[in-house]
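Me: Please take a close look at one strand and its partners in this structure. I would like to know how its side chains are placed and what it pairs with, and then to hear about a few other local features.

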Amino acid sequence: MRWPRQVATAAALTTVLTGPPIVLAHTVGWPLPTRPTQEQLHQWISDPLTDNTLIAGLVLLAWMLWALLASITLRATATRLIKTVQRLRRVPLPTPMQATATGMAGAAALWTPTTTSTATIDAPTPTPTTSTNHQQTAVPGVDIPGGWLPADTAQQIAAASALVWLRRRRAYQPQPPGQPRDDSDLTPLPPTVTAVQAATPPTTPPTTTLVLPTGGIGLVGPGAADAARGILLTTLLQALRPTGHPTTLVVTSRDDLHRLLGPHVPALHHLPGLTVTDTLDDAITTLTRTNNPSSTPPTLLTHTPTDPATAARLAAALTHTVGVLIGAWTHGPTWQIEADGHSQPDTSSSDRTRLCVLTDTAARDLLTVLAPTPAIPPATAVPRQRPPIPAPPPAPSPPKPLTLQVLGNPTLRADGTPVSIRRSAALQILVALAVHPDGRTARELATITWPGLAPHTVTRRLYTTLSDLRRDITATGHPSPVEHTNDRYRLSRNHIDVDLWRLNAAIDNAATALTDSAHAYRTIIDHYTGDIAANHTWPWLDPIREKTRRHVIDAHTALADHTPDPTTRLHQLQDALRADPYNEHLHHLAADTLTALGKPEDAQALLVRYHQRLAEMTPHESLTNS
C-alpha cells in the first residue's frame with residue numbers, strides 16, 4: 001500500500017522544516033541581538049574574532065543552511081502539488097454511457113457462471129482516445145495500421161463495408177452447379193478495411209462534426225498530408241447518403257490526387273461525389289460552376305499554388321466555399337497538424353481538436369469501399385464439362401466422438417454434449433480451421449483473429465489461445481483434433497466431423513454427377529443449415545460465407561429450372577429466397593413465376609417488399625437505385 005510511505009514522507013518533511021529551528025532557538029536562540037547598541041558595534045569592530053562572535057557566526061551559518069534546505073524542499077513540494085492539480089484537471093470523467101457500460105461489465109464479471117461457452121473476449125476493445133493536452137476535448141476514435149479515425153467515421157466505414165457485400169449478394173446471378181462461375185467479385189476487402197471492421201464497436205457515442213471554415217485553410221506540419229487524406233475520406237462518405245440527385249462533394253486535380261495517394265492510385269473518377277480535373281485551373285473553374293448558393297458547396301482539395309496569380313484566383317473562388325490546401329495559405333488561416341492528427345485551428349485559442357489522419361496506403365484501402373460495385377453482365381450459357389467417368393460418391397465415414405457445427409451457430413460437441421470454449425478467439429480459430437481443411441499457419445491465424453495488429457505482437461496470445469482450446473477439448477476425455485505439422489495448424493479428420501465438410505463434399509459430388517443430378521442438388525440443400533457462423537461478424541469470413549451461399553442458391557435454381565410444375569418451381573424459389581433474401585435475380589425469377597401462375601399482384605408485392613428490405617438494410621444509401 002502507498003499510504004504508509006506517504007505518511008512517512010510527510011513526517012520526514014515536517015521534521016526537516018521544524019526540527020532545526022526548534023533546536024537552534026531552544027539551545028542558543030538568535031545569534032544576534034535584536035537591536036545592537038553602539039558600544040557593542042564598536043567592540044565588534046575593534047575585536048571581531050572573539051569566542052562569542054565565532055559562535056554567533058556558526059549559529060548564523062546553521063540558520064542559513066536550514067533556510068536553503070527549507071526553500072529547496074518547499075519548492076519541490078509546490079512543483080509536485082501543481083503537477084498533481086493539473087493532472088487531476090485533465091483526467092476525463094466517464095460519460096453516463098461509459099459509466100453504465102463499466103458497471104454492466106463489472107456485474108457480468110462478478111455474476112457470470114463458469115459454464116458459459118465463451119466467457120473471455122480476446123479481441124482488444126477500442127477505447128476513446130483521450131489527449132492530455134491543456135483544454136483538449138477527448139475525441140473517441142480507433143487506431144488502425146496507417147492512421148486514426150474518429151469513431152463515427154469508423155462506424156461509417158464498417159457500414160460501407162457491409163454494403164459492399166450486400167451489393168455483391170444482390171448482383172449475383174445463379175448458375176447451374178458444375179458450370180464455370182466467376183467469383184472474382186468475392187475478393188476480400190483490403191486489410192485496413194478489415195482492421196476498421198474489427199476495431200469498430202457496435203455503437204459509438206455521438207461526436208461533434210468538424211466544420212471547416214470557408215475561404216480556404218492551409219495544412220502544415222508532419223500530419224498535413226495525412227489529414228488531407230482523412231478530409232477526403234470523411235467528405236466522400238457523405239455521398240453514401242441519399243440526396244435524390246448527383247452532388248459534387250470534393251473537387252481536386254489529377255496531380256493532387258496522385259501526390260496524396262501515391263503513383264499507383266486506382267481510378268477514382270467513378271467515386272460518388274468526387275470530381276477529378278486535369279489541372280488546378282480546371283478545378284477552380286469547376287468549383288466556380290458548381291458553387292450554387294442553394295446547395296452545399298463542394299470542398300476543393302489541392303496543394304498550395306506557388307503562382308501568385310493562381311493563388312489570387314483560387315482565393316476569389318473560395319470566398320463562399322471550403323478549400324483544404326496542403327501548405328501555408330496566405331489568404332486564410334493555416335493549421336499546424338501533428339502526426340497523430342491533433343491540431344489547433346485558431347492560434348488565439350488553447351482548444352485543440354483531432355482530425356482523421358491516413359497514410360496513402362490506408363486511404364487507398366478505405367476508398368475502395370466507397371466505389372459502387374460494377375453491374376454483373378447476364379450469364380451466358382457455357383457447355384457443361386463432364387468427366388469421362390463419374391466420380392463415386394464419398395463413402396460415409398464412421399461416427400466420431402467430436403462434431404463441429406459451423407453452419408448456423410458454431411458449436412463443438414463431444415458425444416452430443418456441447419463443449420464449453422472459454423475464449424472467443426479460440427472459437428474463431430476453430431471455425432477458421434474448419435473452413436480451411438488444408439490448415440493455416442500461425443501467422444495467418446494471428447492475422448485473421450486479431451486484424452490490425454502485427455502478427456509477431458500477438459504470438460504469445462495465439463499460443464495461449466490454442467493451449468486453452470486444447471485444454472477445453474481434452475477435458476471431455478477425447479484427444480484434441482488440432483494438429484500442428486510443419487508450422488501449419490489443421491483439424492484431424494480422424495478425430496472430428498464438421499458439417500461444412502459434408503456440405504462441401506455434396507457440392508463436389510453435384511459438380512460431377514452424371515445421373516440423378518436432382519438428388520445431388522437436394523443433398524446440397526439438405527446439408528445447408530444456415531450461414532457459416534451466422535451470429536458472428538468476423539471480416540475474414542465474408543468471402544467464404546458468400547461463396548458457400550452461392551453454391552446453395554445454384555442448387556435451388558437448378559432444381560427450379562428442372563421443375564415443369566410452376567407451383568413446385570415457386571416453392572423452390574421461395575426456399576432459395578430464404579437462403580438469400582437480398583438476391584435480385586431470385587426475386588425476379590419468383591415474380592415471373594407468380595405472374596405465370598396468374599398472380600401479378602403478388603409478384604408486384606414481392607418486389608415492393610424486396611426494395612423495402614434493401615432500404616431498411618442501407619439507410620445511408622438508396623441501394624435500390626444503384
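**A strand and its partners**

Reply: In this predicted model, strand E12 (residues 402–405) and strand E13 (residues 411–414) pair in the antiparallel sense, with four bridges between them. One facing pair is Thr 403 and Arg 413, the latter in E13. The two strands make a hairpin in which five residues lie between them. Gly 408 sits in that turn and has a positive phi of about 95°.

E12 also pairs with strand E18 (residues 496–498), here in the parallel sense and over three bridges. Leu 404 has Val 498 of E18 as its bridge partner.

The side chains along E12 alternate. Leu 402 and Leu 404 point to one face and are buried. Thr 403 and Gln 405 point to the other face and are not buried. Thus Leu 404, with its bridge partner in E18, is on the buried face, while Thr 403, opposite Arg 413, is on the other.

The positive phi in the hairpin turn belongs to a glycine, Gly 408. Most residues other than glycine have a negative phi. Asn 486 has a phi near 55°, a positive value in a residue that is not glycine. Asn 486 is found in the loop between strand E16 (482–485) and strand E17 (488–491). Its relative accessibility is 71%, so Asn 486 counts as exposed. Ala 533 is another non-glycine residue with a positive phi, near 45°. The loop that holds Ala 533 runs between helix H16 (517–527) and helix H17 (542–561). Ala 533 counts as buried because its relative accessibility is 0%.

A helix can also have a buried side, and H10 (residues 308–317) is a case: its buried residues are Thr 310, Ala 311, Leu 314, Ala 315 and Ala 317. They cover an arc of only 160° around the axis, so they lie on the same side of H10. Pro 308, Ala 309 and Ala 316 are exposed on the other side of the helix. As background, an α-helix has 3.6 residues a turn, so residues three or four places apart point the same way.

Last, there is a nonpolar patch on the surface. Leu 60, Leu 61, Met 64 and Leu 65 make this patch, which is about 390 Å². Leu 60 lies in helix H3 (residues 51–90). With a relative accessibility of 39%, Leu 60 counts as partly exposed.

How values were computed
Residues numbered from 1 in each chain as written. Predicted model: local features only at pLDDT ≥ 70, side-chain atom pairs only at ≥ 80, totals over all residues. Heavy atoms only, no water. Buried < 20%, exposed > 50% of the residue type's maximum accessible area, 1.4 Å probe, protein only. Arc of directions from axis to C-beta. Pairing = 2+ DSSP bridges. Patch = residues over 30% accessible without salt bridge, like charges linked within 9 Å, V, L, I, M, F, W, Y side chains within 5 Å. Areas by Shrake-Rupley, 256 points an atom, 1.4 Å probe, with all protein chains shown as cover. Salt bridge = Lys/Arg side-chain N within 4 Å of Asp/Glu carboxyl O.
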